[in-house]
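Please have a look at the sequence and the model below, and turn the model around a few times before you read on. The report then walks you through it piece by piece.

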Amino acid sequence: MANNLLSKVIFMSDVLLLKPIRGDVEVGYYGAAYRYIRALDVIPSYFTMAIFPLISRYAESQRDSLVRAYKLSIKLLLMVAMPVAVGTTFIARQLISILAGPAYLPQSMIALQLLIWYMPVGFVNSVTHYVLIAIDQQRFLTRAFLLGAAFNIVTNLVMIPRYGYVAAAAVTALSEVALFIPFYYCVRKNLTPIPWPELAWRPVVAAAAMALVMWLLRSVSILLVIPVAAVTYLAVLIALGTFRQPDVAMVLDLLPDRVKRWLPFLSMHP
């Protein structure tokens with residue numbers, strides 16, 4: 001209960017401070033962008049709740065399996081988070097126009113472009129949180145959340161008076177990094193070191209290629225840019241051998257046959 005309360009403090013203090021310091025107008029700009037973030041939060045939430053029973057069983061007697069499941073979870077979540085973060089950065093103007101209207105531009109667009117970069121680290125933090133619970137590190141989690149809450153509140157108090165909603169958005173993203181540092185310290189100490197470059201480089205390279213394509217097509221209709229960018233991201237992942245890795249291949253093998261028939265290019269065999 002304490003951990004959940006502290007996590008809420010971390011990601012609600014910005015609005016509570018923004019309103020008295022900068023006023024309702026900036027809260028409105030910030031809130032319009034934050035609606036998209038709330039919608040995207042369901043991805044790591046459902047994912048971690050689905051795998052929590054599995055990692056809890058592994059934590060009891062199969063630590064090697066727990067490590068493999070954790071690494072695979074990081075890979076899968078980064079494969080989702082990176083393209084969404086890049087894509088949202090490029091189409092933030094259109095997203096805000098759809099949700100809130102042109103009156104919220106460019107302020108809400110800027111807030112969304114900053115907020116969305118919580119995703120890569122935030123998604124990893126989400127699964128790491130439950131891994132630490134599985135290995136009985138709840139008390140350490142409380143200290144980590146206290147550190148994260150202190151960072152968030154102090155940084156917001158310093159930055160919001162000068163930079164307003166921009167500071168609130170940036171601090172929200174940086175708060176995930178503030179949580180990641182103690183989270184990973186605890187994982188390394190009580191479970192295993194994690195080879196971050198090995199897990200992250202393929203999604204990062206594919207997302208960079210996607211960003212380049214979206215920048216080159218920045219003057220083209222969004223209806224064309226989005227599918228071209230998505231195909232680019234997937235094509236680079238395939239070219240880098242992402243889906244030939246044994247653990248990812250194992251997950252894809254669990255897909256229904258009717259889905260796999262539409263994905264012949266994801267063959268698990270080199």
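What follows is a short tour of one helix, the empty spaces, some buried residues and two unusual spots in the backbone.

**Before we start**

This is a predicted model, in which local features need pLDDT of at least 70 and side-chain atom pairs count only at pLDDT 80 or more, while totals for chains, interfaces and linings use all residues. Residues are numbered from 1 along each chain as its sequence is written, and side-chain values use heavy atoms, with hydrogens and water left out.

**Helix 9, a helix with a kink**

Helices here are DSSP runs (H or I, at least four residues), numbered from the N terminus. Let us begin with helix 9, which covers residues 196–216. The expected span of a helix is 1.5 Å times one less than its number of residues. With 21 residues, helix 9 should therefore span 30 Å, and its end C-alpha atoms are indeed 30 Å apart.

Where does helix 9 have a kink? The kink, of about 30°, is at Arg-202, shortly before the proline Pro-203. The bend at a residue is the angle between two fitted axes, one for the seven residues ending there and one for the seven starting there.

Both Arg-202 and Pro-203 are among the buried residues of helix 9, a list that also includes Leu-199, Ala-206 and Met-210. Buried means under 20% relative accessible area, exposed means over 50%, and partly exposed is in between (1.4 Å probe, protein chains only). Helix 4 (63–99) and helix 10 (222–239) are included in what covers these buried residues.

**Empty spaces**

Rolling a probe the size of a water molecule over the atoms shows where empty space is left. On a 1 Å grid over the protein atoms alone, a cavity is a set of points where a 1.4 Å probe fits but cannot get out; a pocket is an open set with protein on both sides within 12 Å along at least five of seven lines; and lining residues have an atom within 4 Å of a point. Grid points are joined across faces, edges and corners, and a volume is the space filled by probe spheres set on the points.

How many cavities of 30 Å³ or more does the count give? The count comes to one, and the largest cavity holds about 50 Å³ of space. Its lining is made by Lys-75, Met-79, Glu-198, Leu-199, Arg-202, Pro-203, Thr-242 and Gln-245. Helix 4 and helix 9 are the elements that give two or more residues to this lining. Helix 9 gives the most, with four residues.

The largest pocket has about 860 Å³ of space. It is lined by 27 residues, and Ser-7, Lys-8, Phe-11, Asp-41 and Ser-126 lie nearest its centre. Two or more lining residues come from each of helix 1 (2–22), helix 2 (24–40), helix 3 (42–61), helix 6 (119–134) and helix 8 (165–190).

For the classes, Ala, Val, Leu, Ile, Met, Phe, Trp, Tyr, Cys and Pro count as nonpolar, Asp, Glu, Lys and Arg as charged, and the others, Gly among them, as polar. Here are the two linings by class.

| Lining | Nonpolar | Polar | Charged |
|---|---|---|---|
| Largest cavity | three residues | two residues | three residues |
| Largest pocket | 13 residues | 10 residues | four residues |

**Some buried residues**

Contact means heavy atoms within 4.5 Å, and the contacts below leave aside neighbours up to four places away in sequence.

Ser-175 lies in helix 8 and is buried, with a relative accessible area of 0%. Ser-175 touches Ile-10, Phe-11, Phe-151 and Asn-152. Asn-152, in helix 7 (residues 138–163), is also buried at 0%. Besides Ser-175, the contacts of Asn-152 include Val-9, Ser-13 and Val-171.

Glu-176 is in helix 8 too, and counts as buried because its relative accessibility is 7%. Among its contacts are Phe-11, Tyr-118 and Asn-125. Glu-26, in helix 2, is buried at 13% and is in contact with Leu-18, Gly-164 and Tyr-165. Glu-26 and Tyr-104 are 78 residues apart in sequence, yet 9.9 Å apart in space, C-alpha to C-alpha.

**Two unusual backbone spots**

Most residues other than glycine have a negative phi, and most peptide bonds are trans. The bond from Leu-105 to Pro-106, however, is cis, with omega near 0°. Pro-106 sits in the loop between helix 4 and helix 5 (107–115).

Is Asp-136 buried or exposed? Asp-136 is exposed, with a relative accessible area of 59%. Asp-136 belongs to the loop between helix 6 and helix 7, and its phi is positive, near 65°.
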